[in-house]
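Let's take a walk through this model, starting with a pair of packed helices and working outward from there. Keep the viewer open as you read.

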Amino acid sequence: MSLVDERRAIARVQRDIAAAPVLAHDAEAGPAPTPLPAPLLRVSDLTLEYRTPERVVRATHRVGFDVYEADRFILLGPSGCGKSTLLKAIAGFIPPVEGSITLGGEVVRGPGPDRIVVFQEFDQLPPWKTVAQNVAFPLRAAGLVGRREAEARARHYIDKVGLTPFADSYPHQLSGGMKQRVAIARALASQPKVLLMDEPFAALDALTRRKMQEELLALWEEVRFTLLFVTHSIEEALVVGNRVALLSPHPGRLRGEYNSHDFNLASVGSAAFQAAVQRLHGRLFETDPETSVPVAPAR
């Protein structure tokens, strides 16, 4: 191990110690905790860049974290911190400049059916297909199952998201929240190893957004899928996730990782919840000279 690698290893250990569950109540001392299983998804020292007409922009700088099976892992940060770019890289759409992404021990080298993305936009559904056809189509297109199995699985997940009465409706007959439920059903029907959600409720009104959060958590309780969820809302991060990774403003660096197991939608008005919100807000926007990274020249 080189001196640089040794220093990075020490820094990661220090980061892990600093990322103890400060948002959760301290537990009484007891037996040593059971060792964690191997992570399902590992992001290691990931640097991402994208090109604009003027220059190459660094979106994230040496970001690293682990996601375990059945985690609800949140990427939280201000606009422009690279969280959506990071999600796209995990989906396989953007190659790393530095670092690596592994899923189930295999390096991610491109898109695959083991990672499905639900985007923010409502218009993700072909308008000429019914709800059932929209959910079944990716299964057939990817050759995952035959026609009958695709139809049966589509109906099953349509029922899970509460849209059975609308299975034969077309997208233009649905509300925005209902369209997002179809997108979630379509993603889960493929039974991915990780469900990737990029601010899926950001464009919804406040009441519909809360309802969708409730339905997503209820669905997770039943199915126990692994979720990687991007948001810029601190409140949403705390209620949807069980673990929250904070990214600094541009370029995105990992500022900390926190447990949020103690919080749910019923916690929103509590003093503890509001204190956690204020603490994370201060952590997100505090001055940190290390986050200043020169923009790479165009090449």
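In helix α3, Val131, Ala132, Val135, Ala136, Leu139 and Arg140 meet a set of residues in α4, namely Arg147, Ala150, Glu151, Arg153, Ala154, Arg155 and Ile158; contact here means heavy atoms within 4.5 Å. Sorted by type, the residues of this contact come out as 8 nonpolar, no polar and 5 charged. For that split, Ala, Val, Leu, Ile, Met, Phe, Trp, Tyr, Cys and Pro are nonpolar, Asp, Glu, Lys and Arg are charged, and the others, Gly among them, are polar.

A word on what you're looking at: this is a predicted model, where local features need pLDDT of at least 70 and side-chain atom pairs count only at pLDDT 80 or more, while totals for chains, interfaces and linings use all residues. Numbering starts from 1 along each chain as its sequence is written, and side-chain values use heavy atoms, with hydrogens and water left out.

Back to the helix pair. α3 covers residues 131-141 and α4 covers residues 147-160, and they pack at an angle of about 130° with their axes 8 Å apart. That angle makes α3 oblique to α4, since angles under 35 degrees count as roughly parallel, over 145 as roughly antiparallel, 65 to 115 as roughly perpendicular and the rest as oblique. Helices and strands are DSSP runs (H or I, at least four residues; E, at least two), numbered from the N terminus.

Which residues of α3 are buried? They are Val131, Ala132, Asn134, Val135, Ala136 and Leu139, where buried means under 20% relative accessible area, exposed over 50% and partly exposed in between, with a 1.4 Å probe and protein chains only. These buried residues pack against α4 and also α5 (176-189). After α3 comes Gly143, with a positive phi near 70°.

Glycine isn't needed for a positive phi here, though: Asp45 has one of about 45°. Asp45 sits in strand β1 (residues 41-51) and is partly exposed, at 22% relative accessibility. Arg224 is another such non-glycine, with phi near 60°. You'll find Arg224 in the loop between α6 (206-223) and β8 (227-231), partly exposed at 44%.

For a buried strand residue, try Thr102 in β4 (residues 98-103), whose relative accessible area is 19%. Leaving aside residues up to four places away in sequence, Thr102 touches Leu40, Leu41, Arg42, Val107 and Val108.

Zooming out, the protein has 8 helices and 10 strands, and 49% of its 299 residues are buried.

Definitions and conventions: Axes fitted to C-alpha atoms, helices over the stretch in contact; angles between N-to-C directions.
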